[in-house]
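Colleague: Got a minute to walk me through this one? I'm new to reading structures, so plain words please.

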Amino acid sequence: MTEEYVEIDLSLPSMKVVSNLCKGCGLCIEHCPKDCIEFTDKFNELGYKYAKYSGEGCTGCGICFYACPEPGAIIVYKKVREKK
Amino acid sequence: MQKELIKGNEAVIKGALMAGCSLYFGYPITPASEIAQAAAYYFPLLGGTFVQAESEVAAINMVYGASAAGKRVMTASSGPGLSLKQEGISYCAGAELPCVIADIMRAGPGLGNIWPEQGDYNQMVKGGGHGNYRNIVLAPNSAQEMCDLTMKAFELADIYRNPCIVITDAYIGQMMEPVEFPTTRKKVPYKEWALYGDEKSKKNLVTSILMNTHLEEEHNKKLQKKYQTIAENEVLYEALNTEDADIVLVGYGIISRILLNVMEILRKQDKKVGLIRPITLFPFPSDFISQAADSVKSFLVVELSNGQMIDDVKLAVNGRKDVHFYNRMGGAVPSVDEIVDVVKKFI
Amino acid sequence: MKAAVLEKPKAFYDKFERKGKTQQETTHYCPGCGHGNLHKIITEALSEFGVDDRSIIVSPVGCSVFAYYYFDTGNIQAAHGRAPAVATGLKRSNPESIVISYQGDGDLAAIGGDEILQAANRGENMTVIFVNNAIYGMTGGQMAPTTLVGQKTTTSPYGRKIENEGYPIRMSEIIATLEAPVYVERTALVDFKTINHTKRAIRKAIKNQIDKKGFSFVEVLAPCPTGWKITPVDSQKWIQQHMMPYFPVQAFKDVSDQRESMEIEQRDYSDQEVLDVLGLSQLGEKKQVPASFIENFPTQFMKIAGFGGQGVLSAGVVMAACAMNENLEVTWIPSYGPEMRGGTANCSVILSNSRIGSPLTTNPNVLIVMNGPSLDAFEDDVQPNGLIIVNTSIVDRRVKRDDVDVLYIPLTEIASGLGLTAAANMVCLGAYLEYTKLIDYKSLFEIVPLAIKKKHLVDTNLKAIKEGVKYIRENYSR
Ligand SMILES: Cc1ncc(C[n+]2csc(CCOP(=O)(O)OP(=O)(O)O)c2C)c(N)n1
Ligand code: SF4
Ligand code: SF4
Ligand code: SF4
């Protein structure tokens, strides 16, 4: 696996691209309002230059998740208040 | 009265309902329309579904869906409609979906006319649609058999997960005869492979596409094996006076009834004439015909077509004896006397 | 505080095992293909509504032929264009299942144009997702019915021309003109806003089905970067610039609030109910008749002919039923089709004590002619020593042959005397049985009440039979 381990800091919203499931279409990058996703210049197992989270700025809006055609390539984390 | 005087086409529907069939999808065409009309009348009264589809193409695909949903389902048509259904029948065969299709044959090619013919033999018995598949084909020659063989068709279709055709001609469909019906309705078995729209069955997939050549070949081999099993176990025929016969008449549907008269007349004149009536056209009674070929001098195949079933008779006889042929086409049906004269030429 | 996560929806399989041994977590679709987004939106909706277990997705022919790799629901693959028909079969079989017909533009708007219109028009309670990418993806970028004017494809290499191919077809607008559909909307997959719009529309289309409201249709303008030969990002822009002006993104019909939900009663029927409905419970025991009656019964090859409305077909049916009731073998076969519409009708009836071969009476030994043309047509066919019954009220000539027995009876006048011209056929049957004594004419009384649909006419028909009997007694007593 070429996937990089990303430490998830739950105190802040974040996203993760599962690198081997990314087809490098760039739609997440195009649509992220915070410009916090970027291409790597590495190729994944599928042979695509994949996207990755730049590491900061994510608001957890979820836009990238729906923009991505792949079922499991993007995961978005966001803290929410637990229901009482 | 113990029997009902009923048209063959209507007997199909009553038989279907007694066999547990609960959905009918069809498109009207003479001379099969009474089947759709009877279905439209009876199915809703028993909680079943009748839909007059927009075409035969749609009808067979509705059948495909309902069969996949685990139900007993049927459609019916005649020549041109069956031509349209062929792609769907091939899909049913490929996806191994049981279904019953009645073909009340009329004259062709093209629009032809509405009178009886047997020109659909090749398209229904040999395949008709694309790919390596076979239909089970039952050929009733009376209203009673229209009921009985339709019921049997549902059983066979389920046992083998295969389309089953009830094929006959306009006369058998339009004729009224006494029919004795069963008194209990058959229960439809639970189908492990079907899509019931519930948790248990959602793992199931109904498809005929296998992109992997190896898997598609394996699937084809499995189908061929199934057809072999059917050929070994499901042959039905009627044989009369074949033991001592010099000449054996071979025909199905309305022709078999005319041949019965021909045989009776000639027997009265001390002519050794026998009769073989295939009841299943696939599987064809090849073994029996082959055995008969040992003792008889010749065969006379009579068809309302350009000679389609005769190929199967010839394959069974395998050149050992003469196989004569007499036919009428275009909706013309030979008279008894006409065939008596033909037979006399060969004895 | 805890982390809420947007990840692969539950209604996807964990591993796409049907896809093959490798790449079991990615789709087979090209990078940036709209099918993937839609799969995600559909699975998410099914999971949220909690209906994935009872859902069945119909995979079409097109790039989404393999949609069944992905959906953890019931799956079925349909012939090209026929998904709405297959979905109809599924839904009518199990009305509680949630059936989604997922189709491309070639599948839905070209080869399957009729199936979609008719399923919509029947108001099938199903959800249709129509993926409009203005091209045939799977077969290599050929022209679709939705291909834009001027758009180059492998089968419109000079661009779609109006003169040759007409205009792109707007399916949503067409479907929305139909009365039955509850909800028709077109959306797109180009940005956050349109994707959200698509999510809402698909949820609504599925919810409508769950609520049994009827037919819902969502058309989605979706990118096919491979077919269009541009990048995924440019594909979305292309939709915005070229497709959306021609295919407006909006709701065309939404009457889901006004529609009642359609509950379908389902129950089992007892054998008795089934027999009652099929009219089989009134059938009883076999009648006892003397063996000698059967043994000595001479086969009757009857031809009954006349013009439409004279009851020639029903006379045959009643005669056959009567003989059947006496345990004889019988057949009845009508002339049918256009011949009947020409105004003449005839039927062949055979009554016999043994198995009947051909049901056709080419040479009848009983000919009943209700009008002149019938006598002209069939006189010569009658067997020597046969019987001809002539309706003298209408036939104005005598039988030419001298080797047959003839009864001349003013059938229509006798029937008119009873106030029911149509009962001439029954006068005839009464006369026939009284003359031949083959079956007691009273046996007809057991059949006529069952055979005649208009119950208030039964009595007159019975009287007609008696009149026929009387006429024979008075004129032809042997
Ligand atoms: C009867 C029949 N004709 C033609 C084909 C070949 N075929 C397969 S997919 C396809 C076009 C599909 O295009 P569309 O519905 O737009 O779906 P897309 O691939 O774009 O998703 C055709 C013509 C077929 N499978 N069956
Ligand atoms: S969740 Fe929103 S902000 Fe975060 S990466 Fe995705 S698109 Fe950007
Ligand atoms: S949208 Fe998905 S597939 Fe495309 S680049 Fe982003 S993560 Fe990769
Ligand atoms: S060809 Fe087009 S529709 Fe087909 S998978 Fe590729 S992008 Fe999608």
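Modeller: Sure, one term to begin with: a salt bridge is a side-chain nitrogen of Lys or Arg within 4 Å of a carboxyl oxygen of Asp or Glu. This is a predicted model, so local features need pLDDT of at least 70, side-chain atom pairs count only at pLDDT 80 or more, and totals for chains, interfaces and linings use all residues. Residues are numbered from 1 along each chain as its sequence is written, chains are lettered from A and ligands numbered from 1 in the order in which they are written, and side-chain values use heavy atoms, with hydrogens and water left out.

Colleague: OK, how many salt bridges over all chains?

Modeller: The rule gives 44 over all chains.

Colleague: And how many across the interface of chain B and chain C?

Modeller: Four. One pairing between these chains is C:Asp72 with B:Lys202, where the closest N and O atoms are 3.5 Å apart.

Colleague: Which helix of chain B gives the most to the side that touches chain C?

Modeller: Helix H3, residues 56-68, with eight residues. Helices here are DSSP runs (H or I, at least four residues), strands are E runs of at least two, and both are numbered from the N terminus.

Colleague: How many residues are in contact there?

Modeller: On chain B, 73 residues are in contact with 68 of chain C; contact means heavy atoms within 4.5 Å. Together the two chains bury about 5900 Å², 65% of it on carbon and sulfur atoms. Buried area is the accessible area (1.4 Å probe) that two parts lose on being put together, summed over both.

Colleague: What about chains A and B?

Modeller: No contact joins them, and their closest C-alpha atoms lie 19 Å apart.

Colleague: Switching topic: which residue does C:Lys204 form a salt bridge with?

Modeller: C:Asp254, with the closest N and O atoms 2.7 Å apart. That pair links distant parts of the chain, 50 residues apart: C:Lys204 sits in helix H7 (residues 192-210) and C:Asp254 in strand E8 (residues 251-254) of chain C.

Colleague: Is C:Lys204 buried or exposed?

Modeller: In between: C:Lys204 is partly exposed, with a relative accessible area of 29%. C:Asp254 is partly exposed too, at 36%. The cut-offs are under 20% for buried, over 50% for exposed, and partly exposed in between (1.4 Å probe, protein chains only).

Colleague: And where do C:Lys470 and C:Glu467 lie?

Modeller: Both are in helix H18 (residues 458-475) of chain C, three residues apart, about one turn of the helix. Their side chains meet in a salt bridge at 3.8 Å, N to O.
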